[in-house]
Amino acid sequence: MAGRFAPSPTGDLHLGNLRTAALAWLSARSQGLGFVVRMEDLDRHQSSRDHELGQLRDLAAIGLDWDGPVVRQSERFDLYEEAISELAGRGLVYECYCTRREIREEIAAASQAPHGPPGSYPGTCRDLSAHQRARRRAEGRPPALRLRSDGREIEFVDRVVGPVRGVVDDVVLRRNDGVPAYNLAVVVDDADQAVTEVVRGDDLVSSTPRQIRLQELLGLPRPRYAHVPLVVDAGGERLAKRAGMAVTLQDLDASGVGVAETIRWISSSIGDETTTLRELATRFDIATIDPDPRPAPPWAAHSV
Ligand code: GLU
């Protein structure tokens, strides 16, 4: 049984990522759970080993530890393909030849938005005949694979956000470049790594019903979920590496803010100021986290 942090190694972690990682770790350790780190490096163009090492260095710097080796999604395609085959064998997968642009245009032209989270697939390729599929293939279009969903509504109670419901759409399982899709990979990995508690940013809450449905279809256990608020800048925008903001440990160090100050900010943001997260882990409860967006500390606005 474990909690986890699953960053995409596409850059340095910023204060928002570090706070989310700390909350995931605190929640796991406060309950005596294991804690694993998984690198979500399916995007081979943006991911790099340098970013991965930098992220692990920063997680360790704020006092997090993890159990076992760090797992990389790029090395686990077999597991994802196995899951896709299982779904395909039950008639739950179809080929989709649409480009993103075609999907956007189709949604814009439709009188009713498709069911599911914003941008949900309108089902264009759901019922293509073998002939139509062959024609598209002959045009040189590689297909993505989608779940043949049944428009089912999934409900769950998030430990921070509260009750959540969402309709499951025809989510992509394998992208048209052959890479397994995030929602599929995350479900396979959470189960394979015995993750029983998912603490992550609340930008992912609308994807959770899809992930729960995939767990159900694959016969995998459902972890508990806690979606924590993102950290925002003075304009209310989610934190990102932008000119004029010191948001990574390295930027902060360069502008004279040490790691201890960052840990103090993380702990005070949950109403319990300390300089070591280990001490906090003795008395932490994720259910006490305020679901509203979290303002960045004033010192992050300083120019680097
Ligand atoms: N890799 C995702 C991200 O960095 C997080 C996925 C998850 O926690 O499920 O945003």
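In this predicted model, a good place to start is R200, which has a polar side-chain atom 2.8 Å from an oxygen atom of the ligand. R4 also comes in from the protein side: an N or O atom in its side chain sits 2.6 Å from an oxygen atom of the ligand. With S8, the partner on the ligand is a nitrogen atom, and the gap to a polar atom of the S8 side chain is 3.1 Å. Taken on its own, the ligand has 300 Å² of accessible area, and the protein covers 75% of that.

Stepping back from the single contacts, the residues around the ligand turn out to be R4, A6, P7, S8, E40, Y182, V186, R200 and L204. Sorted by character, this shell comes to five nonpolar residues, three charged ones and one polar one. As for where the ligand sits, the space it takes up is the largest pocket.

Helix α7 is the other part worth a look. This helix spans residues 208–218, and 10 of its 11 residues are buried, so the rest of the structure largely encloses it. "Buried" here means under 20% relative accessible area. At the start of α7, the buried set takes in T208, P209, R210, Q211 and I212. Further along, R213, L214, Q215, L217 and L218 belong to the buried residues too. Right after α7 comes G219, and the backbone there takes a positive phi of about 70°.

Methods:
Residues numbered from 1 in each chain as written. Predicted model: local features only at pLDDT ≥ 70, side-chain atom pairs only at ≥ 80, totals over all residues. Heavy atoms only, no water. Near = heavy atom within 4 Å. Polar contact = N/O pair within 3.5 Å; in protein donor to acceptor, adjacent residues only side chain to side chain. Areas by Shrake-Rupley, 256 points an atom, 1.4 Å probe, with all protein chains shown as cover. 1 Å grid on protein atoms, 1.4 Å probe; cavity = no way out; pocket = protein on both sides within 12 Å on 5 of 7 lines; lining within 4 Å. Sits in = over half its atoms within 2 Å of the grid points. Nonpolar A, V, L, I, M, F, W, Y, C, P; charged D, E, K, R; others polar. Buried < 20%, exposed > 50% of the residue type's maximum accessible area, 1.4 Å probe, protein only. Helix = DSSP H or I, 4+ residues; strand = E, 2+ residues; numbered from the N terminus.
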